[in-house]
Amino acid sequence: MARHTKRNDFQSAGNCMVEMKNVCAGYGKAEILHGVSLRAEKGEITTLIGANGSGKSTMLRTLLGFLPLTGGEISVGGSSLKGLSRGALARKIAYLPQGKNIPDISAGRMVLHGRFPYLRYPRRYGAADLRIAQEAMEQMGIAEYADRPMAELSGGMRQKVYIAMALAQQAEIIVMDEPTTYLDIGQQLKFAKMMKQLSENGKTIILVLHDVLLALKLSDRIAALGEGKILQWGTPQELLQSDVIRELYDVTVKSHRTEAGIQYFYEIE
């Protein structure tokens, strides 16, 4: 796989919410990430793209402290990952994984789980927790399903519940691994609009997406991963000007400026 020049003209350190420097990590003796460096800025959407097995999910799991570092360092909100307790990290980062089990609880109780990092013993929800969870459900348009068991909801509706749970966590950083899974086209567009609004309100958003066109449309910065390394990092236009998308997916993506903004499409050869 060819090497590409990485973009390094980051914003000032004061805006940096997540920084990974020369990170190496993996599972047991199998190293998956090889010297990965990345910064995610406050008020921006940073998206990871790449083929299956490129290291995207491993990168998120390492950032969240689920996998130990074998090299390099990570800082979150200006604090070293090594110095953060599990609770402190949960108050900084809300995480929506892929491949979630379906718990035997109601949608409303699921959303309230986002408040766990703020509860002290005995763990009882207060009026503020209930209000925040209700607002998150209303934002996702699922308030009427609060009493419905999770098992009775469609895949798309359950995904909205999980996103509402992440919103209820009220963390500065929101990390989502394939959040548009089970969402139809209309729901994906609503999701994209919501992510834009959250970033404009100062949230730092880190996503893993398989949908390259959505990543280009939604993101401020994109990191293209291959074989555990970042091959290219930059704005959507900078990625288009490189050959990395064709290299990763064997497709050509073009852009066209319209009154509604830049539109991206696959070129059929």
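This is a short chat about the cavity, the pockets and one serine in a predicted model.

Visitor: What kind of model is this, and what needs pLDDT of at least 70?
Guide: The model is predicted: local features need pLDDT of at least 70, side-chain atom pairs count only at pLDDT 80 or more, and totals for chains, interfaces and linings use all residues. Residues are numbered from 1 along each chain as its sequence is written, and side-chain values use heavy atoms, with hydrogens and water left out.

Visitor: How many cavities of 30 Å³ or more?
Guide: The count is 1 cavity of 30 Å³ or more. A cavity is a set of points, on a 1 Å grid over the protein atoms alone, where a 1.4 Å probe fits but cannot get out. The largest cavity has a volume of about 50 Å³. Volume here is the space filled by probe spheres set on the points, with grid points joined across faces, edges and corners.

Visitor: Which residues line the largest cavity?
Guide: Among them are Val-18, Met-20, Leu-38, Arg-39 and Ile-206. Lining residues have an atom within 4 Å of a point.

Visitor: How does that lining divide by class?
Guide: Into 9 nonpolar, no polar and 1 charged. Nonpolar covers Ala, Val, Leu, Ile, Met, Phe, Trp, Tyr, Cys and Pro; charged covers Asp, Glu, Lys and Arg; the others, Gly among them, are polar.

Visitor: On to pockets. What is the volume of the largest pocket?
Guide: About 450 Å³. Of its 22 lining residues, Ala-90, Ile-93, Tyr-95, Pro-117 and Gln-169 are the closest to its centre. A pocket is an open set with protein on both sides within 12 Å along at least five of seven lines.

Visitor: And the second largest pocket, how much space lies there?
Guide: About 290 Å³. It has 13 lining residues, and Leu-189, Asp-211, Leu-213, Leu-214 and Lys-217 lie nearest its centre.

Visitor: Where does the largest share of that lining come from?
Guide: From α6, with 6 residues. Helices (H or I, at least four residues) and strands (E, at least two) are DSSP runs, numbered from the N terminus.

Visitor: New topic. Where is Ser-54?
Guide: In the loop between β3 (45–49) and α1.

Visitor: Does it count as buried or exposed?
Guide: Ser-54 counts as buried because its relative accessibility is 4%. Buried means under 20% relative accessible area, exposed over 50%, partly exposed in between (1.4 Å probe, protein chains only).

Visitor: Leaving aside neighbours within four places in sequence, what is Ser-54 in contact with?
Guide: Leu-225, Gly-226, Glu-227 and Gly-228. Contact means heavy atoms within 4.5 Å.
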